[in-house]
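Student: Please take a close look with me at one part of this protein. Start with the whole chain so I know where I am, and then zoom in slowly.

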Amino acid sequence: MAKFTKMAYESADDMIFGHAKKPVSYGLGIKVGAGRVIPEINYAPRPGTEKSVEKITKEYVDYISKDAITRAVTLGFPDLQLETEWVTQMGTVPGMAASVVAGQKAITEKYHDEYGINLAVRHTIPDQREADHGLRPGMDSKFGYPEKFFECCEIACENGADLLSVESVGGKEFADYAVTNGDITAFLFGVGYLGSIDMENIWTQMVDICKKNKTAAGGDTNCSGANVSMFMAGGMLDNDVQKTFSAVTRCISAARTMVAMECGATGPDKDCGYEGVIIKSITGMPAAQEGKNCQCAHADLQGNLMAQCADVWSNESVEYHPEFGGTSVQCWLGPLGYECSLMNTAIATGQAKVLRDLYMASDRTRGPEGYVLSYDNAWKVGKAIAENGDNYYLRAKAAGITGAQIIREGYDKKELILTKKQLDVLDNIIKELSSLPDSEDEFYDYCVRKYKDEVPNFKPASYGL
């Protein structure tokens with residue numbers, strides 16, 4: 001496995017939406033990072049439809065997929081990517097996932113042949129592994145989820161998935177404790193270190209499965225860690241988690257999420273990985289992002305900014321139901337597709353960097369997470385990761401320190417407003433991360449001792465340790 005130790009982009013200004021150093025093609029005419037931003041509609045079936053193979057297949061294929069594709073054709077969108085995030089039952093009920101995957105493949109082929117629209121389906125399998133029972137095959141035969149994890153990959157690829165992704169949970173036992181207690185060292189250990197080890201284990205096997213079936217290996221996201229931190233930090237009225245803490249966890253998460261690419265994934269990564277801009281700066285691979293068009297699922301403080309370097313633009317996830325303008329997938333696809341049309345028009349008219357900078361500037365100072373994810377600052381975090389790319393611990397630590405220092409500098413330059421509590425948390429993070437040992441072994445021993453009672457469900461064997 002080759003780790004990234006240098007930047008794909010020599011300058012942050014070279015990064016732009018719709019263009020990636022390493023574009024990827026898959027599905028029925030879909031080309032990502034090759035000069036156009038692709039809309040990706042994400043959805044969830046109605047409760048109750050998961051009760052049988054027939055019901056869930058009809059929901060995903062005859063209703064959701066058909067509605068979305070016909071609306072895209074109606075509005076004249078040239079590209080559309082569907083994302084099916086598997087419900088739990090698709091990973092456990094025999095035949096359910098295979099029926100949905102094959103059905104969606106067939107309907108995309110039908111509409112591609114009839115109307116010429118470029119189509120693909122991303123299948124995001126569920127990671128049902130639990131730290132209490134072990135994350136690796138053979139650790140707990142009662143549940144068997146580690147084995148089912150790879151079975152899901154096989155089923156998706158064998159039945160026609162164009163792109164494979166997952167929101168993996170390695171390190172979550174520490175991330176949960178870290179976010180709840182504001183403990184940045186626990187987050188670094190769980191997500192930056194243990195999470196990276198788990199990523200290497202699962203993505204090495206996932207890439208092999210994808211290659212065998214000629215499926216594109218997309219990417220991952222630290223949804224179970226950095227996204228939890230971001231959502232709990234919330235907006236201007238929220239104070240449960242400090243936004244400076246959340247912003248630093250996002251930087252650390254980039255070092256973990258990038259491991260998928262080091263194992264052979266080609267992107268685009270997962271849309272809910274807000275760290276995608278950092279990863280793109282290092283790898284040059286296409287980034288899937290979400291922001292203002294995902295209000296159906298959640299709100300954040302950088303809704304415009306996230307489009308700055310996106311190659312795939314997503315709405316996150318909307319439950320299938322009727323609305324005044326059609327079904328939910330049709331109504332949410334409209335603004336999603338039109339946003340991509342705006343970006344693609346900016347590219348075609350030579351105004352892409354102008355629009356990129358407007359996206360970025362509109363949210364740059366709304367909060368510390370948007371500030372550190374602004375493409376110029378994200379590039380700096382990426383550089384810190386690349387310079388320490390041979391070591392999971394050191395590069396995640398460098399990402400956290402660099403991100404925190406960038407936020408501190410933004411405050412000192414009066415570009416960014418922070419509350420006293422946010423500033424105190426930030427300064428403590430810088431001190432705490434800077435005081436940690438440079439030795440990976442010393443760091444591991446220190447954390448095992450420190451969190452022995454606080455995180456009792458940690459099993460070293462889950463990470464091959």
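Tutor: Let's start with overall size. A compact globule of 465 residues would have a radius of gyration near 23 Å, and the protein chain has 21 Å, which agrees. (That radius is taken over C-alpha atoms, and the globule rule is 2.2 Å times the number of residues to the power 0.38.) If you drew a box along the principal axes, the C-alpha atoms would fill roughly 60 × 55 × 40 Å.

Keep in mind that this is a predicted model: local features need pLDDT of at least 70 and side-chain atom pairs count only at pLDDT 80 or more, while totals for chains, interfaces and linings use all residues. Residues are numbered from 1 along each chain as its sequence is written, and side-chain values use heavy atoms, with hydrogens and water left out.

Inside that box, the protein chain has 16 helices and twelve strands. Those are DSSP runs numbered from the N terminus: helices are H or I with at least four residues, and strands are E with at least two. Of the 465 residues, 62% are buried, where buried means under 20% relative accessible area, exposed means over 50%, and partly exposed is in between (1.4 Å probe, protein chains only). Now count contacts, meaning heavy atoms within 4.5 Å. Among those with a separation of 6 or more, 74% link residues 24 or more positions apart.

Okay, time to zoom in. The part I'd pick is strand β4, residues 79–85. Seven of its seven residues are buried, so β4 is largely enclosed by the rest of the structure. Look at which way the side chains point: Asp-79, Gln-81, Glu-83 and Glu-85 go one way, Leu-80, Leu-82 and Thr-84 go the other way, and all are buried. That back-and-forth is what you'd expect, because in a regular strand the side chains alternate between the two faces of the sheet.

What does β4 pair with? One partner is strand β3 (residues 38–44), which pairs with β4 in the parallel sense over four bridges. (Two strands pair if DSSP finds at least two bridges between them.) You can find a spot to check by eye: Asn-42 stands opposite Glu-83 in β4.

Another partner of β4 is β5, joined to it by seven bridges, and these two strands run parallel. Here, look for Thr-84, which stands opposite His-123 in β5. Strand β5 covers residues 118–125, and eight of its eight residues are buried, so β5 is largely enclosed by the rest of the structure as well. Its side chains split into two sets: Asn-118, Ala-120, Arg-122 and Thr-124 point one way, Leu-119, Val-121, His-123 and Ile-125 point the other way, and all are buried.

For a helix to set beside those strands, try α6, residues 223–233. Helix α6 is mostly covered, with eight of its eleven residues buried. Among them are Cys-223, Gly-225, Asn-227 and Met-230. The buried residues of α6 pack against α4 (172–181), α5 (184–213), α7 (243–257) and α12 (368–373). Right after α6 comes Gly-234, whose phi is positive, near 65 degrees.

Positive phi also turns up in residues other than glycine. Glu-316 has phi near 70 degrees and is in the loop between β9 (312–314) and β10 (318–319). Lys-414 has phi near 60 degrees, and its place is the loop between α14 (392–412) and α15 (420–435). Their surroundings are opposite, though: Glu-316 is buried, with a relative accessible area of 10%, whereas Lys-414 counts as exposed at 75% relative accessibility.

One more loop is worth finding, the one between α8 (259–262) and α9 (276–283), where Pro-268 sits. The peptide bond from Gly-267 to Pro-268 is cis, with omega near 0 degrees.

Finally, zoom back out. The protein chain exposes about 17000 Å², with carbon and sulfur atoms supplying 51% of it. So picture your strand β4 again: seven of its seven residues are buried, with bridges to β3 and to β5.

Definitions and conventions. Areas by Shrake-Rupley, 256 points an atom, 1.4 Å probe, with all protein chains shown as cover.
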